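Me: I have a new structure open and would like to learn how to read it. Could you walk me through it, one feature at a time?

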Amino acid sequence: MPTDVEELLRGSSLRVTRQRVAVLEVLRDHPHADTDSVIRRVREVAGDVSHQAVYDVLRALTDAGLLRRIQPAGSVARYEVRVGDNHHHVVCRSCGVIADVDCAVGHAPCLTASQDHGFVIEQAEVTYWGTCPDCVAAAS
């Protein structure tokens with residue numbers, strides 16, 4: 001019986017492979033994971049998978065629009081399965097945890113640029129910075 005991940009891959013004209021399924025499942029359960037975390041978790045569920053294989057899968061899934069790659073300033077690249085809705089992120093300055101923030105208006109690009117310089121603007125990226133509840137509590 002095919003899983004929803006397998007159907008998602010087939011719907012994007014991608015072959016269903018053990019590595020692709022594992023990466024999508026890991027990121028579904030651990031949004032905003034960095035590459036090293038993805039590699040470690042994929043190996044826990046799919047056995048011996050090379051670093052290069054995971055990098056290749058991340059690139060293929062991102063190119064296919066099944067993953068979104070984000071890289072807040074000062075951070076390594078992170079990946080998430082929430083795509084296509086132009087949401088934003090809030091990042092803790094202390095521990096680096098990242099959470100999703102829905103778009104303020106609800107449709108892309110959800111912000112109006114003061115000047116578009118002739119561009120057709122399709123998306124806006126906003127990163128909010130602050131301190132997460134756990135770090136606030138630890139500081140108290």
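Reply: Happy to. One definition to begin with: two residues are in contact when heavy atoms of theirs lie within 4.5 Å. With that in hand, take the contacts in this protein between residues at least 6 apart in sequence: 43% of them join residues at least 24 apart. Please keep in mind that this is a predicted model.

Me: Thanks. How many helices and strands does the protein have, and what pattern do they follow along the sequence?

Reply: The protein has five helices and six strands. Along the sequence the pattern runs α-α-β-α-α-β-β-β-β-β-α. The C-alpha atoms fill a box of roughly 45 × 45 × 25 Å along the principal axes, and 36% of the 140 residues count as buried.

Me: In what order do the strands of the open sheet stand?

Reply: Three strands form this open sheet, in the order E1-E3-E2, with antiparallel pairing. Strands E1 (33-34) and E2 (68-70) are at the edges with a single partner strand each, so each has one side without a neighbour in the sheet. Two bridges link E1 with E3 (residues 78-80) in the antiparallel sense. To find the pairing on screen, look for Ala33, which stands opposite Tyr79 in E3.

Me: Now a helix, please. What length should helix H3 span?

Reply: Helix H3 covers residues 35-46, twelve residues in total, and at 1.5 Å a residue it should span 16 Å; the expected span counts one less than the number of residues. The end C-alpha atoms of H3 are 16 Å apart, which agrees.

Me: And which residues of H3 are buried?

Reply: A general idea helps here. An α-helix has 3.6 residues a turn, so residues three or four places apart point the same way. In H3 the buried residues are Thr35, Ser37, Val38, Ile39, Val42 and Ala46. What covers them includes helix H2 (18-29), strand E1, helix H4 (51-63) and strand E3.

Me: What is found at the start of H3, and what just after it?

Reply: At the start, a side-chain oxygen of Asp34 comes to within 3.2 Å of the backbone nitrogen of Asp36. Just after H3, Gly47 takes a positive phi of about 85°.

Me: Which residues of the largest nonpolar core touch the most other members?

Reply: The general idea first: in soluble globular proteins, nonpolar side chains tend to be buried together. Here the largest nonpolar core has 24 residues, and those touching the most other members are Leu9, Val23, Leu27, Val42, Val54, Leu61 and Leu67. Helices H1 (4-11), H2, H3 and H4 each supply at least two residues of this core. H2 gives the most, with six residues.

Me: Take Leu27. Which residues is it in contact with, leaving aside neighbours within four places in sequence?

Reply: Leu27 is in contact with Ala33, Val38, Leu58, Leu67, Tyr79 and Val81. Two of these names have come up already as a facing pair, since Ala33 stands opposite Tyr79.

Me: How many disulfides does the structure hold?

Reply: It holds zero disulfides. The check is a distance: the two cysteine sulfur atoms must be within 2.5 Å. The sulfur of Cys95 is 3.7 Å from the closest cysteine sulfur, that of Cys135, which is too far for a bond. Cys135 is in no disulfide either, and the nearest cysteine sulfur to it, in Cys132, is 3.6 Å away.

Me: Are Cys95 and Cys135 buried or exposed?

Reply: Cys95 is partly exposed, with a relative accessible area of 46%. Cys135 has 16% relative accessibility and counts as buried; the cut-off for buried is under 20%.

Me: Gly47 had a positive phi. Which residues other than glycine have one?

Reply: His32 is one of them, with phi near 70°. His32 lies in the loop between H2 and E1 and counts as buried, at 7% relative accessibility. His117 also has a positive phi, of about 55°. His117 lies in the loop between strands E5 (98-101) and E6 (127-130), and at 60% relative accessibility it counts as exposed.

Me: What else can I look at in the loop between E5 and E6?

Reply: Try Ile121, which has its place in that loop and counts as partly exposed at 38% relative accessibility. The C-alpha atoms of Ile121 and Leu111, ten residues apart along the chain, are separated by 9.6 Å.

Definitions and conventions: Residues numbered from 1 in each chain as written. Predicted model: local features only at pLDDT ≥ 70, side-chain atom pairs only at ≥ 80, totals over all residues. Heavy atoms only, no water. Pairing = 2+ DSSP bridges. Helix = DSSP H or I, 4+ residues; strand = E, 2+ residues; numbered from the N terminus. Buried < 20%, exposed > 50% of the residue type's maximum accessible area, 1.4 Å probe, protein only. Polar contact = N/O pair within 3.5 Å; in protein donor to acceptor, adjacent residues only side chain to side chain. Core = buried A, V, L, I, M, F, W, Y, C linked by side-chain atoms within 4.5 Å.
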